[in-house]
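Let's take a walk through this model, one spot at a time. Keep the structure open next to you and click along as we go.

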Amino acid sequence: MKTNLITAEGLAKLTHELNYLWREYRPEITKKVAWAASLGDRSENADYKENKRLLRQIDGRVRFLRKRIEALKVVPYSAEQEGKVFFGAWVEIENDEGVTKHFRIVGPDEIYGDAKDYISIDSPMARALLKKEVDDDASVLTPTGEQFWYINKISYQGPL
């Protein structure tokens, strides 16, 4: 089950997508459907069929976004979080081989698209890191076995 948490930036991104789909993209596609329908026989009209398909996809995404945005809870930054890994933290970790990773712990709705270096709060890595501090180690159970990671840095002000 997905966690209903989101950062303020993530909510703004979803809201922007909803507004774009509803106010700009859908009207554009609706005009194309009307134009294609005016050409006559719809049964062999590829423009009509394709744009109707797009319209159904847009409507489905709009319905999903409206319901999802309503269910989400924005988690604001709190100064009490400093020094520990919580939701919204940028974290740098390192393993015994010297491999380092940088990522931000966010809600599951924020990890898609252009969201590089974001991991879901529901992921095993994020769960293992929660409430840890710099220089703590975390054990993460993966399909290949248990892995140990050491926390190098934690920030709430932006990427490390």
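Start with D135, which is exposed because its relative accessible area is 65%, and exposed here means over 50%. Bear in mind as you look that this is a predicted model. You'll find D135 in the loop between α3 and β6. Its backbone deserves a glance too: phi is near 75° for D135, a positive value in a residue other than glycine. As background, most residues other than glycine have a negative phi.

Now look at K131. This residue also sits in the loop between α3 (124-129) and β6 (137-142). Its phi is positive as well, near 70°, and again the residue is not a glycine. Is K131 buried or exposed? With a relative accessibility of 60%, K131 counts as exposed.

Next, hop over to the loop between β2 (73-74) and β3 (90-94), where you'll find Q81. Q81 has a relative accessibility of 10%, so it counts as buried; the cut-off for that is under 20%. What does its side chain reach? It gets to the backbone oxygen of F87, at 3.5 Å. Setting aside neighbours within four places in sequence, Q81 is in contact with P76, F86, F87 and Y156.

F87 turns up again when you move to V75, which is in the loop between β2 and β3 too. In sequence V75 and F87 are 12 residues apart, yet their C-alpha atoms are 7.5 Å apart in space. Once neighbours within four places in sequence are left out, the contacts of V75 are L5, I6 and F87. V75 has 23% relative accessibility, so it counts as partly exposed.

From there, go to T3, in the segment before β1 (5-6). T3 has a relative accessible area of 17% and is therefore buried. Its side chain makes a polar contact of 2.2 Å with the side chain of D122. Not counting residues up to four places away in sequence, T3 touches R68, P108, I121, D122 and R127.

R68 from that list leads us to α2, since R68 is one of the buried residues of this helix. The others are Y48, N51, L54, L55, I58, D59, V62 and L65. Why might buried residues recur along a helix at such intervals? An α-helix has 3.6 residues a turn, so residues three or four places apart point the same way. In this model, the buried residues of α2 pack against α1.

You can check the length of α2 as well. Its 26 residues, at 1.5 Å a residue, should span 38 Å, and the end C-alpha atoms are 38 Å apart, so the two agree. At the N-terminal end of α2, N45 acts as a cap, with a side-chain oxygen 3.2 Å from the backbone nitrogen of D47.

Last stop: the largest pocket, which has a volume of about 300 Å³. The elements giving two or more residues to its lining are α1 (8-37) and α2 (46-71). Which of the elements gives the largest share of the lining? That's α1, with 5 residues. The lining has 16 residues in total, and K13, L14, D109, E110 and Y112 are the ones that lie nearest the pocket's centre. Sorted by class, the lining has 9 charged, 4 nonpolar and 3 polar residues.

Definitions and conventions
Residues are numbered from 1 along each chain as its sequence is written. This is a predicted model: local features need pLDDT of at least 70, side-chain atom pairs count only at pLDDT 80 or more; totals for chains, interfaces and linings use all residues. Side-chain values use heavy atoms; hydrogens and water are left out. On a 1 Å grid over the protein atoms alone, a cavity is a set of points where a 1.4 Å probe fits but cannot get out, and a pocket is an open set with protein on both sides within 12 Å along at least five of seven lines; lining residues have an atom within 4 Å of a point. Grid points are joined across faces, edges and corners, and a volume is the space filled by probe spheres set on the points. Helices (H or I, at least four residues) and strands (E, at least two) are DSSP runs, numbered from the N terminus. Ala, Val, Leu, Ile, Met, Phe, Trp, Tyr, Cys and Pro count as nonpolar, Asp, Glu, Lys and Arg as charged, and the others, Gly among them, as polar. The expected span of a helix is 1.5 Å times one less than its number of residues. Buried means under 20% relative accessible area, exposed over 50%, partly exposed in between (1.4 Å probe, protein chains only). Contact means heavy atoms within 4.5 Å. A polar contact is a pair of N or O atoms within 3.5 Å; within protein, one must be able to donate a hydrogen and the other to accept it, and residues adjacent in sequence count only if both atoms are side-chain atoms.
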